[in-house]
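Visitor: Could you walk me through this protein, please?
Guide: Gladly! Here it is, and then we can take your questions in turn.

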Amino acid sequence: MTETIVRAPFAGHVIEVTEVPDEVFATEVLGPGLAIWPERERIPVLAPISGEITSWHPHACTVSAEGLDILVHLGVDTVHLRGKGYRWRVQKGTRVDAAQLIASWDRSVIGNFMPVTPIVVMGEYAITRLADDAVGAGEPLFSVDIPA
């Protein structure tokens, strides 16, 4: 079995994904993970792993490597913002290194939308939480056990 370390895309308070006020994330329909409440208004967003951007939306992206797909969903219901407040530095197909700057997020423009950000490994995997209640940008958030 191999292990992949998933890093925090930004600093903040860490909660279980099951505590996210969105049924899709809270019931782990997409897969297990953690979520972060950002501590700043203007947030540099970092890649959670090294890999390729395989899915990109104005409010979220997926970074994939070695069969893993890691979703970073910036806020809850933020799809309705249609990209307002986000400035992406990557697009689908971009190769990134872990902790590389991939976006800038200005939370001051999201209004009543919640900034809690799920970071999820898509699929059925076992994860191990590595972060305490608070995490710094680029620090280990959780690990994913990949069956051999």
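Visitor: Which residue takes a positive phi in the hairpin of S6 and S7?
Guide: A word on the background: this is a predicted model, where local features need pLDDT of at least 70, side-chain atom pairs count only at pLDDT 80 or more, and totals for chains, interfaces and linings use all residues. Residues are numbered from 1 along each chain as its sequence is written, and side-chain values use heavy atoms, leaving out hydrogens and water. Strands such as S6 and S7 are DSSP runs (E, at least two residues; helices are H or I, at least four), numbered from the N terminus. Two residues lie between these strands in the hairpin, and the one with a phi near 50° is glutamate 66.

Visitor: Which residue in S7 is the bridge partner of serine 64?
Guide: Strands count as paired if DSSP finds at least two bridges between them. S6 and strand S7 (residues 68-73) run antiparallel and are joined by six bridges. In S7, serine 64 has as its partner aspartate 69.

Visitor: And which residue in S6 does tryptophan 56 stand opposite?
Guide: Strand S5 (residues 51-57) pairs with S6 in the antiparallel sense, over five bridges. A hairpin of two residues links S5 to S6. Opposite tryptophan 56, in S6, is cysteine 61.

Visitor: Why is strand S6 largely enclosed by the rest of the structure?
Guide: Buried means under 20% relative accessible area, exposed means over 50%, and partly exposed is in between (1.4 Å probe, protein chains only). S6 covers residues 60-65, and it is largely enclosed because the number of its six residues that are buried is five.

Visitor: Which strands stand at the edges of the open sheet of three strands?
Guide: That sheet has the order S1-S14-S12, and its pairing is antiparallel. An edge strand has a single partner, so one side of it is left without a neighbour in the sheet; here these are strand S1 (2-7) and strand S12 (126-129).

Visitor: Which residue in S14 is the bridge partner of arginine 129?
Guide: S12 and strand S14 (residues 140-146) pair over four bridges, in the antiparallel sense. The partner of arginine 129 in S14 is phenylalanine 142.

Visitor: How many strands does the protein have?
Guide: Strands of a sheet pair through backbone hydrogen bonds, either parallel or antiparallel. Alongside one helix, the protein has strands numbering 14.

Visitor: What share of the 148 residues is buried?
Guide: The C-alpha atoms fill a box of roughly 45 × 30 × 25 Å along the principal axes. Of the 148 residues in the protein, the buried share is 47%.
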